Amino acid sequence: MYLCFEENEESFMESISVFEIIKVGIGPSSSHTMGPWNAASAFIRIIKRERSIAEVKEVFLEFFGSLAKTGIGHGTDIAGMLGLNGEDFKTINTSKIDEKIDYIKSTQTINLGGEKVIPFIYGHHLILNMKKNLDFHPNGMIFRAVFEDGTELVQDFYSVGGGFIASQEKNSIQKQCVRTLYPCHKASDIAKYCEKLGLKKISDLIFINEESWRTQEETKQEALYIWEQIKECIYKGVNKEGILPGGLNVSRRAAGINRKLLGDKIYKNKDEWFQQVVDAEENFTNINKWIACFALAVNEENASFGRIITAPTNGASGVIPAVLMYSQAFTESISEDDIIRFLLVAGEIGTLFKKNATISAAMGGCQAEIGVSSAMAAAGLTEILGGNVGQVLMAAEIAMEHHLGLTCDPIKGLVQIPCIERNTMGAMKAITAANIALESDPAKAKVTLDEVIQTMWETAQSMSDRFKETSEGGLAIAVNVPEC
């Protein structure tokens, strides 16, 4: 759990905006790419706060635990260097990433914070320490700046899932802590406030709470921006052929499925493509294939350092897009307002897992990523298909219940096998969970969402570290492909 501290040092649990859970990201991993990138950017800010970039002589970065063990496959080293180089993953031209990294390595320099060129030798200034873990979290890293006068500034960071970072020192990361009007830290809080305020839709409660960060109109615009990015990502993914990077020689499949389903139909842009999908033959098999195609498209983009929507992580970034696209293409009367409400509810469910368990595979296995994203998507879909408050929460519980214990054992440390296919399964389970919940009476449910979240956390704590994104167990060992 994450706490905010007031002047009197009394703590309360932090409220998290839905757009901290569902946000623009970059592949291939939120915890192993975005987290280290965010940490590097935060370290630059700390240097500027304490001294100045101009005074820095050298900078060192050491990764530990899961970050080191699967760092090459996840691009952790690349993220660290680009973050120190002053790049922003939200705006960087992703097609220029290889070029920028080649320049850093070949010149043995880095443009620290985009302000000062200093020596930087890969393997000396950046180290992947696979033999040591930091105590606070499996995804640990230490930054060290050496100044011209010989003094040093050292900062530890931990990538705790979804691109979030933390430190053992509560004040080391400057962040505005927010407490919403109706704090919802558990599913029971959501149900309580909806009943108290007479709200029939969970999204109405979230609209109110999101005003702690922005106006309702700004919330709507942000959700629609996310939707446009989702469509753009899927469109890119269904139109790219070839082999994914990383050495596993995994072929892209979304484009082939898209081509077979559309036949000889022609389109020139994503809107024309989407209309072709809507107009395509609808039967169970085809719809099933389209859902898989949507999820594969996103995660193939993710595996290629593409820009995606982190929801709640990159490894699980295909589930919510696939389910939301399914709702748009194959269900009745889904409006722009429904898209907004889907994303708000999905994001709010993600915050419950973030605060009461984990969304980090290094902490909880893949149940913390695919399981959480499936629960989020199930809740969002149930909301827009007319489910009541209890049914929405029930859908999230059902989806998560059937991911409990799912391990994270990526082959070669890449977010490809089994990760890409797992997104298709997470999407299918989300839709099934929504359909079950819509036909059920939540009052008769034997398990609550809060209980399944607690169970998921207990399962995570009992799970062997071999199955927590280390590539030291399960499929990663069965296939026996060594880490680069």
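This briefing walks through some features of the structure shown above. The model is a predicted one. It holds 11 aromatic pairs, and UniProt, in an unreviewed entry, lists residues 17-169 as "domain: Serine dehydratase beta chain". Let's take a friendly tour, topic by topic.

**The annotated span**

- The UniProt record gives residues 17-169 for the domain named above.
- Helix makes up 35% of that span and strand 30%.
- The C-alpha atoms at the two ends of residues 17-169 are 23 Å apart.

**Aromatic rings**

- Among the 11 aromatic pairs is that of phenylalanine 143 and phenylalanine 157, which counts as edge-to-face because the ring planes meet at 80°, with the centres 5.6 Å apart.
- This pair connects distant parts of the chain: phenylalanine 143 belongs to strand 8 (residues 140-147) and phenylalanine 157 to strand 9 (residues 152-161), with the two 14 residues apart.
- Phenylalanine 143 and phenylalanine 157 are both buried.
- Elsewhere, Tyr235, Tyr267, Trp273, Trp290 and Phe294 are joined by ring pairs into a cluster.

**Lysines over tyrosine rings**

- Lysine 105 places its charged end over the ring of tyrosine 122, 4.4 Å from the ring centre.
- Tyrosine 193 has lysine 192 lying over its face, at 4.7 Å from the ring centre.

**The hairpin of strand 5 and strand 6**

- Strand 5 (residues 109-112) and strand 6 (residues 116-119) run antiparallel and are joined by 4 bridges.
- Across the pair, asparagine 111 stands opposite valine 117 of strand 6.
- The hairpin has 3 residues between its strands, and glycine 113 takes a positive phi near 60° there.

**Histidine 125**

- Following the chain onward, histidine 125 is found in the loop between strand 6 and strand 7 (126-129).
- Histidine 125 has a relative accessible area of 2%, so it counts as buried, the cut-off being under 20%.
- A polar atom of the histidine 125 side chain lies 2.8 Å from the backbone nitrogen of isoleucine 121.
- Setting aside neighbours within four places in sequence, histidine 125 is in contact with Glu58, Val59, Phe60, Leu61, Pro119 and Phe120.

**Valine 178**

- Valine 178 sits in the loop between strand 10 (164-166) and helix 7 (187-197).
- Its relative accessibility is 9%, and therefore valine 178 counts as buried.
- Serine 15 is 163 residues away from valine 178 along the chain, yet their C-alpha atoms are separated by 5.6 Å.

Note on methods:
Residues numbered from 1 in each chain as written. Predicted model: local features only at pLDDT ≥ 70, side-chain atom pairs only at ≥ 80, totals over all residues. Heavy atoms only, no water. Phe/Tyr/Trp six-rings, centres within 6.5 Å; stacked < 30°, edge-to-face > 60°. Buried < 20%, exposed > 50% of the residue type's maximum accessible area, 1.4 Å probe, protein only. Lys NZ or Arg CZ within 6 Å of the ring centre and 35° of its normal. UniProt positions renumbered as here; feature names shortened; annotations may be inferred. Pairing = 2+ DSSP bridges. Polar contact = N/O pair within 3.5 Å; in protein donor to acceptor, adjacent residues only side chain to side chain. Contact = heavy atoms within 4.5 Å.
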